[in-house]
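Biologist: I have just opened this one and would like a slow walk through it, please. Could you start with the words you will be using?

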Amino acid sequence: MSFSRPFARIVVGYNDSPLADTALMQSIAIAEQYGGDVVAVHVSDYSAAAVLPVPTRATAGMIDPTPVLRSLESDRRQLFDQLSARVATCSVPVTMEFAMNAAADGILDAASRWNATAIAVGTHARSGVARAVVGSVADEVLRGAIIPVMVMRGGPVRGCLRRVIVGVDASEPAANASTFAVALGVERNVRLCFCTVTDTVSVMQPYADVAFDPTPLLSELRRSARDALDMALQNANAVEVFPDTEVIEAADAGTALCDAARRHDADAIVVGSHKRSNLERLFFGSTAEAVVRHADRPVIVVPAHAQTVAGPIGRMPSEAVL
C-alpha cells in the first residue's frame with residue numbers, strides 16, 4: 001500500500017464548538033504544508049420538516065412555517081459567517097458544506113463525495129461503558145472511514161508537522177500506519193520516529209517470587225520488536241526517508257506512545273487501527289483507542305483497510321470557496 005498526496009484534501013467535521021474549531025485550524029495548517037485544501041462539513045441530524053407544525057383542519061390558515069424556516073437558515077448563516085471570519089486570512093482554499101444526516105454518516109459521505117484523502121474530527125474521548133453506550137461521532141467516523149482520520153481532543157493548534165511519532169509493530173495496521181507516515185516525510189521536512197512498545201513488564205511480574213528465568217522470553221520479545229522496526233525502516237529507507245527509532249518497554253502501548261510524543265515534542269502521533277465494534281473495544285480495548293483517549297496532540301489513525309488516493313482529486317466548486 002502507498003499513499004499519494006496524504007493531505008491533498010481534508011474533510012473536517014465542523015460546528016460551533018471549540019473542538020471543531022481546533023480540528024479546522026489544525027487541518028488548515030497541515031493542508032497548507034502539503035499543498036491541499038479543506039472542506040468544512042456541518043451536518044444537521046434534523047430537517048425543517050422535523051420541527052414544523054403539522055397542519056390540521058383546526059389549524060387551517062393559522063400555521064405559518066416561515067419563522068421556523070428563517071430560524072434554520074439564520075443558524076446556518078451564522079455558522080457560515082463565523083467560519084468565513086475564521087479563515088479569511090488563510091492561504092488554503094476552504095469550502096463549507098451543509099448536509100442533513102446523522103453526524104458521522106454525513107462526514108463519511110462528504111469524504112467520499114469530495115474524494116478526500118483524510119478526515120479531521122474533534123472528540124471528548126469518552127472511555128469504557130460511557131463510550132460503548134453513548135458512543136461519539138469521532139468513534140463512528142473511525143469505524144467507518146477508509147482513509148486516515150485525524151482526531152483532536154482540544155488544546156492549542158500545533159500547526160504544521162515537524163516531528164511525528166509512529167507506532168510500529170508486526171501487524172498489518174501498523175504497517176499501513178508506517179507507510180502513511182513515510183508519505184508524510186517524502187519531500188517534506190518532517191522528522192519521523194518509529195516507536196515499538198514491548199511488554200516486558202507483564203512478563204516479569206508473574207514470576208517475581210518464583211524460580212523462573214524470563215531472559216529467553218524477554219530476548220525474544222525484544223528481538224521481535226527490533227525486527228518490526230527493521231522492516232518498517234527498510235520500506236522508509238527505500239524512498240530516502242530515514243526515521244529515528246525507539247524501543248519502549250512498558251505494559252501499556254497507548255500510554256507509552258503518548259509519553260514518547262511528549263518527550264520528543266511531536267506534533268502528531270500516527271497509529272494503525274483494527275476495525276472493532278464498540279463492544280469489542282469495551283472488553284478488549286485497542287492501542288489506537290488508548291492513544292486517542294490520552295493524547296494531548298493530534299492523533300492520525302490509519303484504518304487497516306485504508307484506500308490509496310492517487311492523482312488529481314478535482315477542483316473545488318468556485319462559488320463555494322471561502
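Modeller: Helices and strands here are DSSP runs, H or I over at least four residues for a helix and E over at least two for a strand, and they are numbered from the N terminus. This is a predicted model, in which local features need pLDDT of at least 70 and side-chain atom pairs count only at pLDDT 80 or more, while totals for chains, interfaces and linings use all residues. Residues are numbered from 1 along each chain as its sequence is written, and side-chain values use heavy atoms, with hydrogens and water left out.

Biologist: OK, so what does the secondary structure of the protein come to?

Modeller: The protein has twelve helices and ten strands.

Biologist: And how many of the residues are buried?

Modeller: Of the 322 residues in the protein, 46% are buried, where buried means under 20% relative accessible area, exposed means over 50%, and partly exposed is in between, using a 1.4 Å probe and protein chains only. The accessible surface comes to about 15,600 Å², and 53% of that belongs to carbon and sulfur atoms; such areas come from the Shrake-Rupley method with a 1.4 Å probe, and for residues only the protein chains shown count as cover.

Biologist: What about contacts between residues at least 6 apart in sequence?

Modeller: Contact means heavy atoms within 4.5 Å, and among contacts between residues at least 6 apart in sequence, 80% join residues at least 24 apart.

Biologist: Let's look at some helix pairs. At what angle do α1 and α3 pack?

Modeller: Helix α1 (residues 18-33) packs with helix α3 (residues 66-87) at an angle of about 40°, and their axes are 12 Å apart. Axes are lines fitted to C-alpha atoms, for helices over the stretch in contact, and angles run from 0 to 180 degrees between N-to-C directions. Angles under 35 degrees count as roughly parallel, over 145 as roughly antiparallel, 65 to 115 as roughly perpendicular and the rest as oblique, so α1 and α3 are oblique to each other.

Biologist: Which residues make that contact?

Modeller: On α1 they are D21, L24, M25 and I28, and on α3 they are L83, R86 and V87. That contact divides into five nonpolar residues, no polar ones and two charged ones, with Ala, Val, Leu, Ile, Met, Phe, Trp, Tyr, Cys and Pro counted as nonpolar, Asp, Glu, Lys and Arg as charged, and the others, Gly among them, as polar.

Biologist: And α10 with α12, what is the angle there?

Modeller: α10 and helix α12 (residues 287-294) pack at about 45°, with their axes 7 Å apart, and that makes α10 oblique to α12. In α10, A253, G254, T255, L257, C258 and R262 meet T287, A290, V291 and H294 of α12. The residues of this contact divide into five nonpolar, four polar and one charged.

Biologist: Back to α1 for a second: is Q33 buried or exposed?

Modeller: Q33, which is found in helix α1, counts as buried at 19% relative accessibility. Leaving aside neighbours within four places in sequence, Q33 is in contact with C160, L161, R188 and V190.

Biologist: Now a strand residue. Where is I300, and what does I300 touch?

Modeller: I300 is found in strand β10 (residues 299-303) and is buried, with a relative accessible area of 1%. Not counting residues up to four places away in sequence, I300 touches several residues, among them F7, P148, F180 and I269. The C-alpha atoms of I300 and I269 are separated by 6.1 Å, although the two are 31 residues apart along the chain.

Biologist: Same thing for A177: where does A177 lie?

Modeller: A177 lies in helix α7 (residues 172-185) and is buried, with a relative accessible area of 0%. A177 touches V166, V270, V271, G272 and V302, not counting residues up to four places away in sequence. A177 and A306 are 129 residues apart in sequence, and 9.5 Å apart in space from C-alpha to C-alpha.

Biologist: Last topic, the backbone: what is the phi of E240, and of D265?

Modeller: E240 has a positive phi of about 60° although E240 is not a glycine; E240 lies in the loop between α9 (215-237) and β8 (244-249) and is exposed, with a relative accessible area of 65%. D265 is not a glycine and has a positive phi of about 50°; D265 is found in the loop between α10 (253-263) and β9 (268-273) and is partly exposed at 46% relative accessible area.
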